[in-house]
Amino acid sequence: MFDFLKKKLSEGVKKIVSAVAGKKEEAQGKPLEEKLEEKKTIEAIAKKFEEKISEPKVEVSTERAHKEKIEEAIIETPAEVEEKIIEAEEKLIEPALPVSKAEEHIGKKYAPVIEDKKILTPEKILEPAEPKKLGLIEKLKKAITEKEIEEKDIAPLLEDLQTGLLESDVALEVAEKICGDLKNNLVGRSLARGKVSEIVKESLRSSVHEILNQKPINIFALAKEKKPLKIIFLGFNGTGKTTTIARLGYLFKEKKFEPVFAAADTWRAAAIEQIEHHGKKLSIPVVKQKYGADPAAVIFDAVKFAESKKLDVVLADTAGRSHTNSALMDEMKKIIRVNKPDLKILVLDSLTGNDAVEQARLFNEAVGVDGMIFTKVDVYDKGGALLSAAYTLKKPILFIGVGQGYKDLKEFDVDEVVKNLV
Ligand code: GDP
């Protein structure tokens, strides 16, 4: 889901992390490869140190093989190497044996192995009399972390990220918010290499979460409180309103509620037959009138029907097109005035991208929208339209359509989406 947006975010993270890390390398005055080698070596020594402390009786030959394994296992990216160094260092703080004993042991038994491998500065680490064996690791860590991140280091990368977001249908103001948050989280900070990636990701996660996490609505909880719960679905033709109403009917029935459909799209050819077809398949009653009838009256009838039959929910379809947008909006206003729905849910086709946001704005300004459902997410990999609409309307996304079957409507789980995206 939203693979394109995910890719753009991931590219942004990688570029920023490597730029910040690269700057630290530069400050160290050594080429990246050389520094990387050095760190790998130190890490291997640190590991060996730790192992020797806890298992002093390992044979030289075994140890040599083990060291080779460690070297193979070292992850190649600078950030991860740094993390490993810190990890190894932390473990070394609490050795299983007294440090002096372990050092003596290593100094005697493993110096040849290390010399043989031409490891950098082994003497310092292996010399038994030297009390502070971790100084080298500590120094290296300090050296790569003490450079502060400046705005100019990341400005072009934030621009790249913003372009990637715009390409993913993220509206300009939303892209600016995400990049602005990231800038505030990085500039002026001195971060350990291993932390840069986490801080960048955490900033993106937090921004996306804030954008999507609008006050949630649980329609099933509401249906328990209010009988009948009146939900009116709004949206242009072809966005997937009728299909969505059918899928919600299916979900309500799954949860043991009794819904009724109101066939209030009296404008589009075959709209009434379409919803009747779903009603028949799902054993859900449909209240209808003739084409051209007043949709407000159709919904009114459906509410009366639900009340008389003690049904739980009225799911009302509406028309998506009239001769003008203003005529459509007037029609919606009348429907709402007459029926006072509990919820007005806007159905948006995610494939329309930025246009979906414009539609959302239009409906919200005209009649007010409580929540949104995005359809066709199964064939939309950009993802940005959802962020833009939630941010623009400050309204929650309740469900997403992920196919054409009755079961293809999923509750929109903000935490899961954020976790998947970043
Ligand atoms: P309406 O005019 O708003 O009532 O739209 P419909 O419910 O008739 O849907 C228009 C088309 O979109 C139909 O072919 C649906 O099968 C299709 N559709 C609706 N929701 C989804 C979805 O989540 N995924 C996919 N792939 N197609 C969908």
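Start by selecting lysine 255 and phenylalanine 220 in this predicted model. The charged end of lysine 255 sits over the ring of phenylalanine 220, 4.8 Å from the ring's centre. Keep phenylalanine 220 on screen and add Phe252, Phe257 and Phe399: ring pairs link these four into a cluster.

Want another lysine over a ring? Pick lysine 382 together with phenylalanine 4. Here the charged end of lysine 382 sits over the ring of phenylalanine 4, and the distance to the ring's centre is 5.6 Å.

**Ring pairs**

How many aromatic pairs does the structure hold? Six of them. When you look at one, keep two things in mind: a pair of aromatic rings is described by the distance of the centres and the angle of the planes.

Select phenylalanine 236 and phenylalanine 363. Their ring centres are 5.4 Å apart and their planes stand at 70°; over 60 degrees counts as edge-to-face, so that is what this pair is. Now show the backbone as a cartoon. Phenylalanine 236 is in the loop between β1 (229-234) and α13 (241-254), while phenylalanine 363 belongs to helix α17 (residues 354-367). The pair links distant parts of the chain, with the two positions 127 residues apart.

Are these two buried or exposed? Phenylalanine 236 is buried, at a relative accessible area of 16%. Phenylalanine 363 is buried too, with a value of 0%.

Next, go to tyrosine 250 and tyrosine 406. Their ring centres lie 6.2 Å apart with the planes at 15°, so this pair is stacked. Tyrosine 250 lies in helix α13 and tyrosine 406 in the loop between β7 (397-401) and β8 (409-411), so the pair ties together parts that are 156 residues apart in sequence. Colour by accessibility and check tyrosine 406: it is partly exposed, with a relative accessible area of 21%.

**The ligand**

Now click on the ligand and show what is around it. There are 18 surrounding residues, and the closest are Gly238, Lys241, Thr242, Thr243 and Gln404. Which helix gives the largest share of this shell? It is α13, with four residues. Sorted by class, the shell has eleven polar, five charged and two nonpolar residues.

Zoom in on the oxygen atoms of the ligand and check these contacts:

- Lysine 241 has a backbone N or O atom 2.8 Å from a ligand oxygen.
- Threonine 242 has a polar side-chain atom 2.6 Å from a ligand oxygen.
- Lysine 376 has a backbone N or O atom 2.9 Å from a ligand oxygen.

How much of the ligand does the protein bury? Taken alone, the ligand exposes 580 Å², and the protein buries 82% of that.

Stay with threonine 242 for a moment. You'll find this residue in helix α13, and at 5% relative accessibility it counts as buried. Bring up aspartate 317 as well: the side chains of threonine 242 and aspartate 317 make a polar contact at 3.0 Å.

**Last stop**

Finish with isoleucine 272, which is in helix α14 (residues 271-282). Isoleucine 272 is buried, with a relative accessible area of 4%. Then select lysine 288 and draw a line between the two C-alpha atoms. Isoleucine 272 and lysine 288 are 16 residues apart in sequence, and that line spans 7.3 Å in space.

Technical notes. Residues are numbered from 1 along each chain as its sequence is written. This is a predicted model: local features need pLDDT of at least 70, side-chain atom pairs count only at pLDDT 80 or more; totals for chains, interfaces and linings use all residues. Side-chain values use heavy atoms; hydrogens and water are left out. Rings of Phe, Tyr and Trp (its six-membered ring) pair if their centres lie within 6.5 Å; planes under 30 degrees apart count as stacked, over 60 as edge-to-face and the rest as tilted. Buried means under 20% relative accessible area, exposed over 50%, partly exposed in between (1.4 Å probe, protein chains only). A charge sits over a ring if NZ of Lys or CZ of Arg is within 6 Å of the ring centre and within 35 degrees of the ring normal. A residue is near a molecule or strand if one of its heavy atoms lies within 4 Å of it. A polar contact is a pair of N or O atoms within 3.5 Å; within protein, one must be able to donate a hydrogen and the other to accept it, and residues adjacent in sequence count only if both atoms are side-chain atoms. Accessible areas come from the Shrake-Rupley method with a 1.4 Å probe; for residues, only the protein chains shown count as cover. Ala, Val, Leu, Ile, Met, Phe, Trp, Tyr, Cys and Pro count as nonpolar, Asp, Glu, Lys and Arg as charged, and the others, Gly among them, as polar.
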